[in-house]
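This report is meant for a reader who is meeting the structure for the first time. It moves from a single residue to the overall fold, and then to the rings and the surface.

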Amino acid sequence: MSTSGKIAVAGVVAAVVLFWTVGFWAGLLVLIGAPVAAYLLLDSSQRRRLRGISRKQIGR
């Protein structure tokens, strides 16, 4: 299994456990809020590099 596949499976397992323990809406808030907070903590140069990598992966 590829690394991205393992990350996807771990994310699904974490979501199921989180939804089961704290409820759907609180779990959804954590699952959406954590990546957004991590993105906002990046410097502008790091955000630019991240956007550039994403564009290269989708063939732009």
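At 39% relative accessibility, L50 counts as partly exposed, because the value falls between the 20% below which a residue is called buried and the 50% above which it is called exposed. The model in which this value was computed is a predicted one, and L50 has its place there in helix α3, which covers residues 44-57. Although L50 and Y39 stand 11 residues apart in sequence, their C-alpha atoms are 9.4 Å apart in space.

**The fold as a whole**

The protein contains three helices and zero strands, so that its pattern, read along the sequence, is α-α-α. Of its 60 residues, 3% count as buried. The protein exposes about 5,100 Å², and carbon and sulfur atoms supply 69% of that area.

**Helices α1 and α2**

Helix α1 runs over residues 3-22, and at 1.5 Å a residue its 20 residues should span 28 Å, which agrees with the 28 Å that separates its end C-alpha atoms. Helix α2, made of residues 24-40, can be examined in the same manner: its 17 residues should span 24 Å at 1.5 Å a residue, and its end C-alpha atoms are indeed 24 Å apart. Just after α1 comes G23, which takes a positive phi of about 100 degrees. Within α2 there is a kink of about 25 degrees at G33, and this kink lies shortly before the proline P35.

Another residue of helix α1 is V17, which is partly exposed with a relative accessible area of 46%. The C-alpha atoms of V17 and G27 are separated by 8.9 Å, while the two residues are 10 residues apart along the chain.

**The aromatic rings**

Which residues do the ring pairs link into a cluster? They are F19, F24 and W25, and the count of aromatic pairs comes to two. In the pair of F19 and F24, the ring centres lie 5.1 Å apart and the planes meet at 45 degrees, so this pair is tilted. In the pair of F24 and W25, the centres lie 4.8 Å apart and the planes stand at 80 degrees, so this pair is edge-to-face, the class for planes over 60 degrees apart.

The accessibility of each ring residue in the cluster is set out below.

| Residue | Relative accessible area | Class |
|---|---|---|
| F19 | 27% | partly exposed |
| F24 | 45% | partly exposed |
| W25 | 66% | exposed |

W25 is found in helix α2, and its class follows from the cut-off, because 66% is over the 50% that exposed requires.

**The nonpolar surface patch**

A nonpolar patch of about 870 Å² lies on the surface, and it is made by F24, W25, L28, L31, I32, V36, Y39, L40 and L50. Which helix gives the most to this patch? Helix α2 does, with eight residues. An α-helix has 3.6 residues a turn, so residues three or four places apart point the same way. The patch also includes L50, the residue of helix α3 with which this description began. Two members of the aromatic cluster, F24 and W25, are among the residues that make the patch.

Definitions and conventions
Residues are numbered from 1 along each chain as its sequence is written. This is a predicted model: local features need pLDDT of at least 70, side-chain atom pairs count only at pLDDT 80 or more; totals for chains, interfaces and linings use all residues. Side-chain values use heavy atoms; hydrogens and water are left out. Patches are made of residues with over 30% relative accessible area and no salt bridge: like charges are joined within 9 Å, nonpolar side chains (Val, Leu, Ile, Met, Phe, Trp, Tyr) within 5 Å. Accessible areas come from the Shrake-Rupley method with a 1.4 Å probe; for residues, only the protein chains shown count as cover. A salt bridge is a side-chain nitrogen of Lys or Arg within 4 Å of a carboxyl oxygen of Asp or Glu. Helices (H or I, at least four residues) and strands (E, at least two) are DSSP runs, numbered from the N terminus. Buried means under 20% relative accessible area, exposed over 50%, partly exposed in between (1.4 Å probe, protein chains only). The expected span of a helix is 1.5 Å times one less than its number of residues. The bend at a residue is the angle between axes fitted to the seven residues ending there and the seven starting there. Rings of Phe, Tyr and Trp (its six-membered ring) pair if their centres lie within 6.5 Å; planes under 30 degrees apart count as stacked, over 60 as edge-to-face and the rest as tilted.
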